[in-house]
Amino acid sequence: MQILILVPYVKGINVIIVFLKKYFNVSIDIIHSKLNNAKYFKNWIRTKNGENSIVIGTRKSVFLPFLKLGIIILLEEHNLNYKSMNQCRYNVRDLGILRAYKENIPIILDSQTPSLKTLYNIFHKKCFYIKLHQYKCIYRLNNSIINLKKDKLKFSLSLTLINEIYKNFKNKQVLLIFNKFSLLFFILTCDTCGCVFKCTSCHNYFEINQYRNILFCRFCLIQIKKPIFCYNCGCFFLVIKTMDIEKIKDNIKDIFPKITLFFLLNKKNINKSMLDVKMFEFSTSSPCIIITTEEIVQNYYFPHVTLISLISIDNYFLSFNFRAIEHFAQFYINLNQLTRRLQKSYKILIQTSFPNDLNLKEICDNGYFSFSKKILSIRKNFLLPPWSSQIIIYSESSYAEYNIIFLNLLRNILTKKSNKNNCFLWFVGPYHTFLLKNKKKYFHRLLIQCSSRISLNNILNECIDIINIFNISKRVKWFLDIEPN
């Protein structure tokens, strides 16, 4: 029988192949998006005809037409990369479980930090839990927390971090991981002469708080009222812009003028010469500073890094997404996989304005499983997933009122159906959402929550047939997100 091994990133495929070829003399094929069409089709045909024993692939491999599939192994089942964020939204983990159930075969969900949904299923004995005691992979990471309320910032980098890099890691590799929100901040510029407002004492850019109309300097910790006119040309046309990535690069270069810097901020602009493409590894071993983002860093290994710094994690604590802190805990604990050498010692510096946050302390001091128990108990008290089920319905249109009419109509239909079936639904919305890929389109969404997933699915299926009768459903594009992340 054939074996399917699913991985969240292409970089994990080569490591698994080396291991399997060492112990098993069988035919192994790989399936992922980086293969050319001919190779992809050849492996697809071999899988359909049963000419291979093991197939290792990324998320779309769950749809492969196996001749006789015997088992599915899903590595890092918690990983968000398994969730498709296109308009046809699905989670490969859930599809893998469904396929295993339909074909009556076992499935193994592997993770160092299991998702809370999986832990919930273990608690309710829907799946078995196997702990490998002989492999002590989970250990307390060597971390240090930098309090941004007491420390000064220079272009998102604290003085403590800058001094640490210069003092102890002058001749070693340093990895600076930016969050996508920490890379973006707003500045005030003149629309006529292009002059950017800077602090007169430290010459850092003034950031602007749009809600209170003040300028503030993160280094000097001073605040001033938003100017009325440009001090350079006297023009009254002042505009708020986001900081350009190239300017951020120049500012970081000014902080470390004598240290080699590598910027991995965009997949398209990554210099392939410094990467081992076959092993998905940062091949340069000389002393340097690597600046990257959370999204990019998970696609590569960094074997020579001795210091890792998370530049800003505040958005996890301020996010409206209640799952955000769970995602941070999984990302933080799995940082040990970036080096591919678990026995190698390295230090992690965490920059945050919430150093005394109970969740952060729990993650850093007691590990993921202690943290997950507390989070599950909190979610149970508030009837949040996995103790309930959520669905978001998105609506897209050139006219905002069409979205609101459609979603309100759908809400009314769902309410009547739920009352008829004696099933209570919670609604949030419809309200505007920031999915603005196209500025000419408006996006709105309606969040629906129910204590029973089966009941919610049955009611939703009935309502979809009814809503399609109305003309308003033809004037909007709409799609579902089941159990949104």
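Here are four short exercises with worked solutions on this predicted model.

**Exercise 1. The sheet**

Work out in which order the strands of the open six-stranded sheet lie, and which helices pack on the sheet.

*Solution.* Start with the strand order, which reads S6-S20-S19-S9-S18-S15, with parallel pairing. Next, find the ends: strand S6 (143–147) and strand S15 (261–264) are the edge strands, each pairing on one side only. Then look at the twist: neighbouring strands are turned by 20° against each other on average, direction ignored. Now add the helices. Helix H6 (residues 245–255) touches S9, S15 and strand S18 (289–293), and its direction makes about 155° with that of S15. Helix H9 (residues 324–333) touches S6, S9, S19 and strand S20 (347–352), and its direction makes about 170° with that of S19.

For a closer look at one pair, take strand S9 (residues 173–178) and strand S19 (residues 305–310), which are joined in the parallel sense by five bridges. Within that pair, Leu 175 has Ile 308 of S19 as its bridge partner.

**Exercise 2. The nonpolar cores**

Find which residues have the most contacts inside the largest nonpolar core, and which helix gives the most to it.

*Solution.* First, the size: this core has 54 residues. Those with the most contacts inside it are Ile 56, Leu 175, Ile 177, Phe 302, Leu 310, Phe 328 and Tyr 332. The helix to name is H9, with seven residues in the core. A second, separate core holds 27 residues, including Ile 252, Phe 263, Ile 291 and Ile 311.

To see one core residue in its setting, pick Leu 310: beyond its neighbours within four places in sequence, its contacts include Ile 177, Phe 328, Tyr 332 and Leu 349.

**Exercise 3. Gln 173**

Decide whether Gln 173 is buried or exposed, and find what its side chain meets.

*Solution.* Gln 173 belongs to strand S9. Its relative accessible area is 2%, so Gln 173 counts as buried, the cut-off being under 20%. A polar atom of its side chain lies 3.2 Å from the backbone oxygen of Ser 286. Sequence neighbours within four places aside, Gln 173 is also in contact with residues including Phe 282, Cys 288, His 304 and Leu 307.

**Exercise 4. A helix pair**

Describe how helix H10 (residues 358–366) and helix H11 (residues 368–381) meet.

*Solution.* Begin with the geometry: the two axes come within 7 Å and cross at roughly 145°. Then list the residues: Asn 359, Glu 362, Ile 363 and Asn 366 in H10 meet Tyr 368, Ser 370, Phe 371, Lys 374 and Ile 375 in H11. Finally, sort them by character: four are nonpolar, three polar and two charged.

Technical notes: Residues are numbered from 1 along each chain as its sequence is written. This is a predicted model: local features need pLDDT of at least 70, side-chain atom pairs count only at pLDDT 80 or more; totals for chains, interfaces and linings use all residues. Side-chain values use heavy atoms; hydrogens and water are left out. Two strands pair if DSSP finds at least two bridges between them. Helices (H or I, at least four residues) and strands (E, at least two) are DSSP runs, numbered from the N terminus. Axes are lines fitted to C-alpha atoms, for helices over the stretch in contact, and angles run from 0 to 180 degrees between N-to-C directions. Contact means heavy atoms within 4.5 Å. A nonpolar core is a set of buried Ala, Val, Leu, Ile, Met, Phe, Trp, Tyr and Cys residues joined through side-chain atoms within 4.5 Å. Buried means under 20% relative accessible area, exposed over 50%, partly exposed in between (1.4 Å probe, protein chains only). Ala, Val, Leu, Ile, Met, Phe, Trp, Tyr, Cys and Pro count as nonpolar, Asp, Glu, Lys and Arg as charged, and the others, Gly among them, as polar. A polar contact is a pair of N or O atoms within 3.5 Å; within protein, one must be able to donate a hydrogen and the other to accept it, and residues adjacent in sequence count only if both atoms are side-chain atoms.
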